[in-house]
Amino acid sequence: MKLSVVYHPDYVVSLPAEHRFPMPKFKLLRDLLLAEDIITPEQIYLPELPPRELIELVHTPEYVKAYCEGTLDTKLQRRIGLPWSRELAQRTCIAVAGTILTAQLALKYGCACNTAGGTHHAFPSYGSGFCIFNDLAIAAKTLQKQELVSKILIVDLDVHQGDGTAWIFQHDDSVFTFSMHCEANFPGKKQTSDLDIPLPVGLDDDGYLQILAQHLPDLLTEVKPDLVFFDAGVDTHVSDRLGKLCLTDRGIYRRERLVLSTCLAAGYPVASVIGGGYGKDIQGLVYRHSLLHRAAREICAQY
Ligand SMILES: [Zn+2]
């Protein structure tokens, strides 16, 4: 099985120098994957701008138009936490396309990873917490619309609850939302996923992996998805600026292996996105994100 990786140069746009969102990480991740021969250039796929109708499968036309044209009101703009620019609007759309392409590649080849994605705090008519459009929800609905899949499982292991995704699919039985997140972290008001596992502050590798291993196999048997989306946020790491858990690099690597091998061994294709990860040590952060692709390469080689 060949690992497919999705990247676009527009994943990176400039932000004010002191902004806490680590924007350069997307390109640095792609560079690291190539420099360490985790992938070759032929394994990289380039997404194209998506038609607006696909974004509107999830988001209201008013919100999509206002965001894309830069006319969103100040309060909604502030809630996103990223200063608007034409480049950022373009980046937002191309990152959504990246997750759609990742999902299509996963269906074709079994396993594919984006080098961005996981904007799970975005709701239909507003964005929040650095999330503008909900790429996971849009990709899920797009693949359903294209009749490529019917049942989808979203495994959201970012340290923050996937509140937007949970809300979007709360009355939709075709998409099962599973979120494992730190109970005492953003968002303050949690939504109800199909399965929520709130975790205590300070949980370590073994505690975390034990809980995940308890739930994932049963979930796959119960849901029998045509496709799994995996949000591999690394803000679960002990040195993350916004997380409150205590996973190590080794623990995150074991987590990615556990998710990918459990799904692929049972025959379920997996589309992964990198999710959140925040820190001043950008090299350390990029390395943590690359653990997903390293694990994916190893698991793919077994099939
Ligand atoms: Zn997060």
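**Group meeting: a walk through the predicted zinc-site model**

Okay, let's start with one residue: leaving out anything up to four places away in sequence, threonine 92 touches Tyr67, Ile132 and Phe133, where contact means heavy atoms within 4.5 Å. Before I go on, this is a predicted model, so local features need pLDDT of at least 70, side-chain atom pairs count only at pLDDT 80 or more, and totals for chains, interfaces and linings use all residues. Residues are numbered from 1 along each chain as its sequence is written, and side-chain values use heavy atoms, with hydrogens and water left out.

Back to threonine 92. You'll find threonine 92 in helix α5, residues 86-109; helices here are DSSP runs of H or I with at least four residues, strands are runs of E with at least two, and both are numbered from the N terminus. Threonine 92 is buried, at 7% relative accessible area. By buried I mean under 20% relative accessible area, with exposed over 50% and partly exposed in between, using a 1.4 Å probe and protein chains only. Cysteine 131 is 39 residues from threonine 92 in sequence, yet the C-alpha atoms are 8.9 Å apart.

Now another threonine, number 115. That one sits in the loop between β3 and α6, and threonine 115 is buried too, at 0% relative accessibility. Its contacts beyond four places in sequence include Val5, Tyr11, Phe26, Ile274 and His293. Lysine 27 is 88 residues away along the chain, with 8.3 Å between the two C-alpha atoms.

On to α6, residues 135-145. Nine of its 11 residues are buried, so α6 is largely enclosed by the rest of the structure. Among those buried are Asp135, Leu136, Thr142 and Gln144. Just after α6, glutamate 147 takes a positive phi of about 55°.

So what holds the zinc ion? The protein donors are Asp158, through two OD entries, His160 through ND1 and Asp235 through OD, lying 1.9 to 2.8 Å from the zinc ion. Donors are N, O and S atoms within 2.8 Å of the metal, or 3.2 Å for Na, K and Ca, and water is not among the atoms, so sites may look incomplete. Along the chain the spacing reads D-x1-H-x74-D. Aspartate 158 lies in the loop between β4 and α7 and aspartate 235 in the loop between β7 and α9, so the pair ties together parts that are 77 residues apart in sequence. Both aspartate 158 and aspartate 235 are buried.

Next, helix α9, residues 249-265. With 17 residues at 1.5 Å a residue, α9 should span 24 Å, and its end C-alpha atoms are 24 Å apart, which agrees; the expected span is 1.5 Å times one less than the number of residues. Its buried residues include Tyr253, Arg255, Glu256 and Cys263. They pack against β3, α8, β7, β8 and α10. Just after α9, glycine 267 takes a positive phi of about 90°.

Last, the whole chain. There are 10 helices and eight strands, and 59% of the 303 residues count as buried. The C-alpha trace spans about 50 × 40 × 40 Å along its principal axes. Of the contacts between residues at least 6 apart in sequence, 74% join residues at least 24 apart.
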